[in-house]
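Good morning, and thank you for coming. Please look at the sequence and the structure on the screen while I speak.

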Amino acid sequence: MDEQLLSQEEINLLLKSLGKEEKKEIKTDKEVQPFDVSALEHIYAGRLPSLEFVFERWTSGIKRGLVSVIAGVPTIVKEGVSSLKFSELISKLPFPSAVGYFNLHPFKGNFMIILDPKLIYMVVSNVFGGSAKPYKIEGKEFTKVEMRIIERMLKVMYAELEEAWRTVMNVQLIPIGIETNPAILMFARPREKYIVLRLTVSLEGGDGYVLLAIPQEGIEPYKEMLKGVLERSTEDYEKLLKAILGVPLHISVKLGYTKITLGELYNLKVGDTITLDKPTREPVEIYVKGIKKFLGVLGHSKNKKAFKIIQDVQE
């Protein structure tokens, strides 16, 4: 009964060897890390000159276009371009957010333009004469008035994006819808990669972001073309210049402005006179696509109203 199968020395050696084996296994587990193949799946916008060209044209285009929505010319700065999974992009958006999603033929997949709710609140306040101060995101749905402003902003951005792309290739933008709750967006796989351009739009008193999200798989078939499309011959440049010089531009003349009360507006009738702030002999301001470009004087030419340019203005 007292006879042992193993001596104490043998037991000690066995325990010692088992301890070494366990330690070795733990070390191996720490050294081995899973490899994420998706980390290699990137299309960098910087390697696609034409895509960068589209971004620059779109940025300058919406600066001009938003003048029709915002009282004044906003400052728009390109912050950068990144590559994000769809799930990462959506998870970073607050509620509410304005997500306009659309198709851009011939590309496949859903593109997105995302508006910062703070920017929307500031624009609404700006439109109705308030200050563009930062607003707190309260986690509630946008009002009908705010949705109308969102629709107007997206309409401008859609038109300018389509115009920017057409300098590179023929495209057709088809709006699909607007979603204010990013959490329920399900039109892409969670791991699907998006190229995301981030812009900062500044108004007097605050700023907010605008995101343009492009499905990476959608532009993949056109990657080589987007790499080389800017390598044009002299003849191509002449054709492009001719096309650009033929683009129609909207010119407007600002006679002046004044302020009236709501009661005065209500009582206005045919025959009433509204006095503006500008003296009669002071030059009028001439705007090209919403940007002040010239000063001039009013007159007439061939039985039509006209203005004569007297000074070039660099705004």
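Let us begin with Ile251, which lies in strand E7. Please keep in mind that this is a predicted model. Is Ile251 buried, partly exposed or exposed? Its relative accessible area is 48%, and it therefore counts as partly exposed, since that class ends at 50%.

Ile251 also belongs to a nonpolar surface patch of about 1100 Å², whose members include Val253, Leu262, Phe307 and Ile309. Which elements supply at least two residues each to the nonpolar patch? They are strand E7, helix H9, residues 262-267, and strand E10.

Let me turn to the sheet. Strands of a sheet pair through backbone hydrogen bonds, in either a parallel or an antiparallel manner. Here, four strands are arranged as an open sheet, in the order E7-E8-E9-E10, with antiparallel pairing. Strand E7, residues 251-254, and strand E10, residues 304-312, are the edge strands, each pairing on one side only. On average, neighbouring strands in this sheet are turned by 40 degrees against each other, direction ignored.

Between E7 and strand E8, residues 284-288, there are four bridges, and the two strands run in the antiparallel sense. In one of the pairs, Val253 has Ile286 in E8 as its bridge partner.

Finally, I come to helix H2, residues 49-65. How far apart are its end C-alpha atoms? They are 24 Å apart; this agrees with the expected span, because 17 residues at 1.5 Å a residue should span 24 Å. Among the buried residues of H2 are Leu51, Val54, Phe55, Trp58 and Ile62.

How values were computed
Residues numbered from 1 in each chain as written. Predicted model: local features only at pLDDT ≥ 70, side-chain atom pairs only at ≥ 80, totals over all residues. Heavy atoms only, no water. Pairing = 2+ DSSP bridges. Axes fitted to C-alpha atoms, helices over the stretch in contact; angles between N-to-C directions. Patch = residues over 30% accessible without salt bridge, like charges linked within 9 Å, V, L, I, M, F, W, Y side chains within 5 Å. Areas by Shrake-Rupley, 256 points an atom, 1.4 Å probe, with all protein chains shown as cover. Salt bridge = Lys/Arg side-chain N within 4 Å of Asp/Glu carboxyl O. Buried < 20%, exposed > 50% of the residue type's maximum accessible area, 1.4 Å probe, protein only. Expected span 1.5 Å × (residues − 1).
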